[in-house]
Amino acid sequence: MTRSVLLGSASPRRRRLLESAGWRVEQVAPAIDDGVIRLSPSSPARTVEALAWFKSAQISRVDAAHVASIAADTVCVVGDAIVGKPGDRSEARGMITRMLGRRHRTITGVCIRNRAGRRLLFSDAAEVRMGDLGTERIEAYLDSGEWAGKAGGYNLEDRIADGWPIECDGDPSTVMGLPIRRLIPLLEDLVTSEERS
């Protein structure tokens, strides 16, 4: 049975997470710009699930080459505010500085669609604590442009590798855009059920 999925995302991080878990990945970017969608602070989990569902709807039908299609969306929740991807350097600075010295939640919503067209929606959350950074370090990071296209303006794996004072309570892959601990068993179940049929 194939261990290949259709990933509705151009994200190299999501692709890498799936490949590291032993899956072949074909990527297709959904025709939706989640950066221009207004985010509702009342239910962040439902918001990211809805965005994942919208992205999934933009992907072509799952064919015999793939077990399922996967679409996902990630946001950070700082206090009562939902924080998506920064639109520019100034917005990235505001996001990062609001997170310093406190905890925030990162939530990723996922939509899995199998060959029969059935969809499964779920979300997963992790808590992140970001310690204090000096002004020079923040400015150097902003100058690098690495904040672009990332929820909250940062990628957990990269920031840990760069020595930022950052801790994660929960699945780190949720913060990186795809909750692998929950996702992989669901994909394995799809493979098993197809083998039985």
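# A walk around helix α4

In helix α4, which spans residues 135-144, the residues Ile-138, Tyr-141 and Leu-142 are buried. These three cover an arc of only 100° around the axis, which means that they sit on the same side of α4. The cover over the buried residues of α4 includes α3 (89-99) and α5 (156-161), whereas the face of α4 turned away from its buried side carries Glu-136 and Asp-143, which are exposed. Just after α4 comes Gly-145, which takes a positive phi of about 75°.

Everything described here comes from a predicted model, and it is therefore useful to look at pLDDT, the predictor's confidence in each residue on a scale from 0 to 100. The mean pLDDT of the protein is 89, with 92% of its residues at 70 or more. Confidence is highest in helix α6 (residues 172-175), at a mean of 97, and lowest in helix α7 (residues 180-196), at 86.

We can now turn to the charged side chains. Side chains of opposite charge can pair when their charged atoms come close. The structure holds 12 salt bridges, and one of them returns us to α4: Glu-139 pairs with Arg-89, with 3.1 Å between the closest N and O atoms. Because Glu-139 belongs to helix α4 and Arg-89 to helix α3, this pair ties together parts that lie 50 residues apart in sequence. Both partners are partly exposed, Glu-139 at 24% relative accessibility and Arg-89 at 26%.

A second salt bridge joins the side chains of Arg-159 and Glu-146, at 2.7 Å from N to O. Arg-159 lies in helix α5 and Glu-146 in the loop between α4 and α5, so the pair ties together parts that are 13 residues apart in sequence. Arg-159 counts as buried because its relative accessible area is 3%, under the cut-off of 20%, while Glu-146 is partly exposed at 35%.

Further along the chain, Asp-171 forms a salt bridge with Arg-181, the closest N and O atoms being 3.7 Å apart. Here the link runs from the loop between β7 (166-169) and α6, where Asp-171 is found, to Arg-181 in helix α7, 10 residues apart. Asp-171 is buried at 8% relative accessibility, but Arg-181 is exposed, with a relative accessible area of 58%. Salt bridges that share partners also join Arg-89, Arg-93, Glu-139 and Asp-143 into one network.

The surface has a nonpolar feature as well, since Trp-53, Phe-54 and Leu-121 make a nonpolar patch of about 270 Å². Trp-53 is placed in helix α2 (residues 44-57), and with a relative accessible area of 35% Trp-53 is partly exposed.

Definitions and conventions:
Residues are numbered from 1 along each chain as its sequence is written. This is a predicted model: local features need pLDDT of at least 70, side-chain atom pairs count only at pLDDT 80 or more; totals for chains, interfaces and linings use all residues. Side-chain values use heavy atoms; hydrogens and water are left out. Patches are made of residues with over 30% relative accessible area and no salt bridge: like charges are joined within 9 Å, nonpolar side chains (Val, Leu, Ile, Met, Phe, Trp, Tyr) within 5 Å. Accessible areas come from the Shrake-Rupley method with a 1.4 Å probe; for residues, only the protein chains shown count as cover. A salt bridge is a side-chain nitrogen of Lys or Arg within 4 Å of a carboxyl oxygen of Asp or Glu. Helices (H or I, at least four residues) and strands (E, at least two) are DSSP runs, numbered from the N terminus. Buried means under 20% relative accessible area, exposed over 50%, partly exposed in between (1.4 Å probe, protein chains only). The arc is that of the directions from the helix axis to the C-beta atoms. Contact means heavy atoms within 4.5 Å.
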